[in-house]
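The following explanation is intended for a reader who meets this structure for the first time. Please keep the sequence and the three-dimensional view at hand while reading.

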Amino acid sequence: MAPTPPVRPVMSHSSAFLLPSPPSSSAAPDGDGDAYALLVLNQRLPRFAPLLWDRARVRVCADGGANRLFDDMPELLPGQDPDEVRRRYKPDVIKGDLDSIRPEVKEYYSNMGTQIVDESHDQDTTDLHKCITFVTEKLAIPNRSNLCILVLGALGGRFDHEMGNINVLHLFPTNRIILLSDDCLIFLLPRTHTHNIHIESIEGPHCGLIPIGAPSTTTTTTGLRWNLGKPPTSSIQYQQQLVLNLQILSPDDTSMSFGGLISTSNIVEEESVTINSDSDLIWTISLRHHS
Amino acid sequence: MLGRAIRSMDVMVHSSTFLLPKLHQPGHTPAKNYALVVLNQNLPRFMPRLWTHAKLRICADGGANRIFDEMFQLTNEQDYERVRNRYIPEIIEGDMDSIRPEVKRFYSSQGSQISDKSHNQETTDLHKCISRIHRSTSDHEKTNLCVLVTGALGGRFDHEAANINILYLFSDMRIVLLSDDCLIRLLPKTHKHDIYIESSVEGPHCGLFPVGAPSGSTTTTGLKWNLSEAKMRFGSMISTSNIVHAEKVTVQSDADLLWTISLRNLT
């Protein structure tokens, strides 16, 4: 009998944290649901920043992200008194090399009890990298396997910063880290897992799969308008294969690479998208704009 | 036994003179012709000077809305209509699902060629524009042509990735993606690269990224943190937040690399 291929663990993903009404699992403080950490980098806050702030258990500003919080949060909550907004939306920690944060902003948050951590001595890692290390190592979050780190301000702006931030996703492949902007979100799909992405109402339909670091020879998807890989001979057979987590190898599996095909301007067509690949991929999906 | 002759690699020379208010002819680079492709995002502050330097201006679909709406506030002109009449693209190309009807009518009446490619849903608007330039340029002309693209970065990440992929798909052309904050070029592994730095308009922050495939050996000069036969890979080391330290940066690699440099406040 042929040996059974190694079973691939399944990683499930959902952007329920972006829904206006809280996911039911977050109701219990020490429940089994996801715990969110929010990191704010130095770009304009996206419109849903207040929502994510309220969802998060811990909030960290990376250096100039504190300026953005100070300036932009009152603008995102126009009906409320700006001073009151600033008091309420106070970060737990401000971290990084502190060369962008304005002195008066640093003083304001410091006086309110925010921990200021100066890491200007460490020029080897980016601000985001420092924040991720901090959140994953030092914070007392129960059940760390449910920790999901949401990052604002990591996309756009200076391209070397954006690349550095995307590299952080590759450096921490076992952590759930999601980079968000007004237009879209991105996260890493490590090649070690089969991925099940539940599509929420606030996201889509535009999506993509990008092999940033290395080409992919074998990627198979379901749930997209233009799926990759060999189409299933029967839907049931395919679902059974996925359930058993067998590696799906087929000569028709589509390879992806820069200089060749990459999956962009794809469309999610089902509530759930599955992805199997021999390479780390970046998943991206557009965010719907509220009316 | 005879020693194997070491193949010497051709050098590709890069410079950002197009960012200067007036084009000048630096001794080390041959004369360049510029084409400009405008995609559908906020125009960068320095758009007027790019427009003036370019011999061919193509708006990709909604890029025409951007020229129509935003050019005026980027100039020092008082007369709105004069600005509007001055900045007329030669071509508007794409699937025409973003360009506003009145914008299309205006440019059409002013002589812009409207190239409706809505039947072709296989490629992005940028792909169509670059394809057109590629088709209509001889190999010889390609060595002297540099295509400047605005609006390719930021926004939806899958669009940005597709736009970056254009650099790889058309690697026999010089294409520069520009934003207010930075520019990006592809440095193909087939060449050694000499990058002349125009320090009045660009720098000091720069980076090198092995997007698409890792590098087993990259060597640079002219940077604060130079690489010496270094390995680079996503998931390991990539060169971000580097600093240009000389008038000329050289790069040689076994992998295609993306070069980026920050832009100074250009108004």
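The paragraphs below turn to a sheet, then to salt bridges, and finally to the interface of two chains.

The model shown here is predicted. In chain A, an open sheet is built from five strands, placed in the order E1-E9-E14-E11-E12 and joined by mixed pairing. Strand E1, residues 10–14, and strand E12, residues 254–256, stand at the edges of this sheet in chain A. Each of these two has a single partner strand, and therefore one side of each is left without a neighbour in the sheet. On average, and with direction ignored, neighbouring strands of the sheet are turned by 30° against each other.

The pairing at one of these edges can be followed in detail. Strands of a sheet pair through backbone hydrogen bonds, and they do so either parallel or antiparallel. In chain A, strand E11 (residues 216–222) and strand E12 run antiparallel, and two bridges join them. One residue of such a pairing is A:Thr219, whose bridge partner in E12(A) is A:Thr254.

Attention now passes from the backbone to charged side chains. Over all chains, the structure holds 22 salt bridges. Among them is the one between A:Arg44 and A:Asp72, in which the closest N and O atoms are 3.5 Å apart. This pair links distant parts of the chain, 28 residues apart: A:Arg44 belongs to the loop between strand E2 (35–40) and helix H1 (49–55) of chain A, whereas A:Asp72 belongs to helix H2 (residues 65–76) of chain A.

Are the two partners buried or exposed? A:Arg44 counts as exposed because its relative accessibility is 52%, and the cut-off for exposed is over 50%. A:Asp72, in contrast, has a relative accessible area of 4% and is therefore buried, the limit for buried being under 20%.

A:Arg44 also meets the side chain of A:Glu75 in a salt bridge, at 3.0 Å from N to O. A:Glu75 lies in helix H2 of chain A and A:Arg44 in the loop between E2 and H1, so this pair ties together parts that are 31 residues apart in sequence.

A further salt bridge of chain A brings together the side chains of A:Glu269 and A:Arg225, at 2.9 Å from N to O. Here too distant parts of the chain are linked, 44 residues apart: A:Glu269 is in the loop between strand E13 (263–267) and strand E14 (272–277) of chain A, and A:Arg225 is in the loop between E11 and helix H7 (235–243) of chain A. A:Glu269 is partly exposed, with a relative accessible area of 46%, and A:Arg225 also counts as partly exposed, at 44% relative accessibility. As for A:Arg44, A:Asp72 and A:Glu75, salt bridges that share partners join these residues into one network.

The last part concerns the interface of chain B and chain A. There, 33 residues of chain B are in contact with 36 residues of chain A. The two chains bury about 2,700 Å² between them, and 67% of this area is on carbon and sulfur atoms. Within chain B, the residues that lose the most area to chain A are B:Arg156, B:Phe157 and B:Phe234, which together account for 26% of what that side buries.

How many salt bridges cross this interface? The count is zero, while nine residue pairs are in polar contact between chain B and chain A. The side of chain B that touches chain A receives two or more residues from each of helix H7 (157–169), strand E8 (182–187), strand E10 (202–209), strand E13 (239–243) and strand E15 (257–263) of chain B. H7(B) gives the largest share of that side, with 10 residues.

Notes
Residues are numbered from 1 along each chain as its sequence is written. Chains are lettered from A and ligands numbered from 1 in the order in which they are written. This is a predicted model: local features need pLDDT of at least 70, side-chain atom pairs count only at pLDDT 80 or more; totals for chains, interfaces and linings use all residues. Side-chain values use heavy atoms; hydrogens and water are left out. Two strands pair if DSSP finds at least two bridges between them. Helices (H or I, at least four residues) and strands (E, at least two) are DSSP runs, numbered from the N terminus. Axes are lines fitted to C-alpha atoms, for helices over the stretch in contact, and angles run from 0 to 180 degrees between N-to-C directions. A salt bridge is a side-chain nitrogen of Lys or Arg within 4 Å of a carboxyl oxygen of Asp or Glu. Buried means under 20% relative accessible area, exposed over 50%, partly exposed in between (1.4 Å probe, protein chains only). Contact means heavy atoms within 4.5 Å. Buried area is the accessible area (1.4 Å probe) that two parts lose on being put together, summed over both. A polar contact is a pair of N or O atoms within 3.5 Å; within protein, one must be able to donate a hydrogen and the other to accept it, and residues adjacent in sequence count only if both atoms are side-chain atoms.
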